[in-house]
Amino acid sequence: VEEASKSDWKIKFLPLTLCEPVPSDIKVARSQTPKPITQLANEIGLKGTEFSRLDIDPATITWNRVLDTNDRYLRKITVGQSATEKGRVRETQFDISVASEVMAILALTTSLADMKERLGKMVVATSHSGQPVTADDLGVTGAMAVLMRDAIKPNLMQTLEGNPVFVHAGPFANIAHGNSSILSDQIALKLVGETGVVVTEAM
């Protein structure tokens with residue numbers, strides 16, 4: 001049996017009519033009413049003592065949003081006032097990027113694996129019982145490592161005299177260690193060899 005050639009194929013496109021706008025995933029999620037944690041634990045066969053809950057105290061959240069603009073009016077803000085946030089109003093603030101703990105970690109890290117471990121240990125809040133809550137507890141360590149995988153690479157530039165220079169990281173010295181990244185120093189030392197000289201910045 002010979003197959004029909006492609007020129008013989010006839011494709012008929014059926015019209016697609018949406019009866020109503022399709023709601024977004026966020027709208028669908030917010031329209032649901034979550035079950036109490038204890039009820040959910042019972043449904044899957046867990047006892048109350050076996051079910052782990054972060055129980056974050058919103059007043060203790062130390063993980064602030066960051067922005068590369070120094071605007072003093074953003075040093076104290078209120079979030080969660082929208083009706084869709086269901087009353088989760090709290091005070092927080094914006095930090096500038098160089099003042100963030102992530103910037104400090106970037107300057108100290110020696111590899112992607114080391115950076116991932118350091119990011120996971122960041123304390124972002126405490127529970128109502130006073131226990132620290134880390135980025136690992138939130139399950140966001142891997143996502144942060146993916147976002148930072150390119151930032152870990154030093155930038156090669158040059159001075160006005162034509163000398164090579166690595167520009168990488170820059171945590172504030174008044175709140176952190178204030179040095180260029182360890183990775184850029186290690187690369188520079190390897191490039192100049194045993195007889196070369198590397199000048200680095202540290203506060």
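Trainee: Which residue stands opposite Asn155 in strand 8?

Mentor: In this predicted model, the residue that stands opposite Asn155 is Val167 of strand 8.

Trainee: What makes strand 7 and strand 8 a pair?

Mentor: Two strands pair if at least two bridges are found between them, and strand 7, residues 155-158, is joined to strand 8, residues 164-167, over four bridges in the antiparallel sense; the requirement is therefore met. The two strands form a hairpin with five residues between them, and in the turn Gly162 has a positive phi of about 90 degrees.

Trainee: Why does Ser127 count as buried, and where does Ser127 lie?

Mentor: Ser127 lies in the loop between strand 5, residues 123-126, and strand 6, residues 132-134. Buried means under 20% relative accessible area, and because the relative accessibility of Ser127 is 6%, this residue counts as buried. If neighbours within four places in sequence are left aside, Ser127 is in contact with Leu54, Asp55, Ile56, Asp57 and Val133.

Trainee: Which residues of helix 3 are buried, and what covers them?

Mentor: In helix 3, which runs over residues 101-108, the buried residues are Met103, Ala104, Ile105, Leu106 and Ala107. What covers them includes helix 4 (112-120), helix 6 (141-148) and helix 7 (182-192).

Trainee: Why are helix 3 and helix 4 called roughly antiparallel?

Mentor: Angles over 145 degrees count as roughly antiparallel, and helix 3 packs against helix 4 at an angle of about 150 degrees, with the axes 10 Å apart; the two helices are therefore roughly antiparallel to each other. Helix 3 also passes helix 4 in a right-handed crossing. On the side of helix 3 the contact is made by Val102, Ile105, Leu106 and Leu108, while helix 4 contributes Asp114, Met115, Arg118 and Leu119.

Trainee: How do the residues of that contact divide into nonpolar, polar and charged?

Mentor: Six of the residues in the contact of helix 3 with helix 4 are nonpolar, none is polar and two are charged. Asp and Arg count as charged, so Asp114 and Arg118 of helix 4 fall in that class.

Trainee: How many helices and strands does the protein have, and what percentage of its residues count as buried?

Mentor: The protein has seven helices and eight strands, and 20% of its 203 residues count as buried. Among contacts between residues at least 6 apart in sequence, 50% join residues at least 24 apart.

Technical notes: Residues numbered from 1 in each chain as written. Predicted model: local features only at pLDDT ≥ 70, side-chain atom pairs only at ≥ 80, totals over all residues. Heavy atoms only, no water. Buried < 20%, exposed > 50% of the residue type's maximum accessible area, 1.4 Å probe, protein only. Contact = heavy atoms within 4.5 Å. Axes fitted to C-alpha atoms, helices over the stretch in contact; angles between N-to-C directions. Parallel < 35°, antiparallel > 145°, perpendicular 65-115°, else oblique. Left-handed = near helix turned anticlockwise from the far one by under 90°.
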